[in-house]
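Hi,

Here is the structure I promised to pass on. Have a look at it first, and then read my notes below.

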Amino acid sequence: MSVTGVSLFVAVPAAVLGAACMGIASAAQAKAAKEVEPANPLDLTLFRRLVGRPLWLIGIVATVLGLVLQLVALAFGPLLLVQPLLITSLIFAGFVFARLERRGPDRVMSAGSALCVAGLAVFLLIARPSGNGDVLVTGTSLLPLGIALATVTIAGLALAALSHNGSGRVLGLAVATGVLYGLTAGLMKVVAGQFRHGLDEPFKHWTLYIVCVVGPLGFLLSQNTFQQGRYLTPALAVITALDPLVGVAIGLSWMGETANGTPWGLAGEAFAGAVIVVGIAMLSTRAAHLDVAAIEEEHEHAEAEHAGSDSDDGYGLAGSTC
């Protein structure tokens, strides 16, 4: 069916508010994660180090609220509508993280975020997503996309484990996190549909149990991801881009949703997607530039402190060679 009426007026606000909560949660959790000792991927002891930090707990509350709103949005709208709206979490996360770091919003990052949102708006206007199924296909029809998602996730984890530099670890963890988040969202829509048939209905199907495994696993990887990079935006950009892409793929491949498939429609959707990619590239490039500048500033500060300590030790003897 078409996404109109009640579905539109419930799904869109719920999705955007959910994205805002997720953005706030990402910023709070990233700030808290940087304040504890780094952990290896899939290291559950990371939760023990984080659980006592108020900022991280605020992030947990925002995450729960965001998931509830996302579940409401998925109950009323198709994945092709709800998942792309998650890209707006980039803006909320960027501004909140900047405030937590006590610095003003960067103009280039703001422009990149604006491009992401503009591309998203154009994509939704052209794609005109329709269909709102909540039942997965069965049998071998699940295999092609399932194998692809598993392959990308394993490749991301392998890159994170084998990489000798921070950027490689961040990219690998972010890729795995984005895929798992997208998979969780797709399966949550199925679970939401099952709840309509009774509160006990989801417990009769495997989808709920997969969500209970994949969701926390993705959340753990996201905390590892936030620990690795100096700036939140690049990691979140990768996660936020992959999450809706996986959701859209699940909607089209597993749930029978449709989008504008005319030649002009596909061209417009490709253009909108390119605008989003440019916005994400701006965010990542600018953050990398700021990262280098911050490292150089830290080195200069450390050298200045070292020089100051050598010039005078309080007794007029610093730097002497007795």
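One thing before you start: this is a predicted model.

I'll begin with Val64, which counts as partly exposed because its relative accessibility is 46%, and the partly exposed range lies between 20% and 50%. You'll find Val64 in helix 3, which covers residues 54-76. Try picking out Gly18 as well: it sits 46 residues away from Val64 along the chain, yet the two C-alpha atoms are 9.5 Å apart.

Next, go to helix 5, residues 89-100. This helix is 12 residues long, and its first and last C-alpha atoms are 16 Å apart, close to the 16 Å you'd expect at 1.5 Å a residue. Which residues of helix 5 are buried? They are Ser89, Leu90, Ala93, Phe97 and Ala98. These residues lie on the same side of helix 5, because they cover an arc of only 155° around its axis. Keep going just past the end of helix 5 and you'll meet Arg102, which has a positive phi of about 60°.

Last stop: Gln194, in helix 8 (residues 166-195). Is Gln194 buried or exposed? Its relative accessible area is 9%, so Gln194 is buried, the cut-off being under 20%. What does Gln194 touch, once you set aside its neighbours within four places in sequence? Its contacts are then Glu201, Pro202, His205 and Thr207.

Have fun clicking around!

Cheers

Technical notes: Residues numbered from 1 in each chain as written. Predicted model: local features only at pLDDT ≥ 70, side-chain atom pairs only at ≥ 80, totals over all residues. Heavy atoms only, no water. Helix = DSSP H or I, 4+ residues; strand = E, 2+ residues; numbered from the N terminus. Buried < 20%, exposed > 50% of the residue type's maximum accessible area, 1.4 Å probe, protein only. Contact = heavy atoms within 4.5 Å. Expected span 1.5 Å × (residues − 1). Arc of directions from axis to C-beta.
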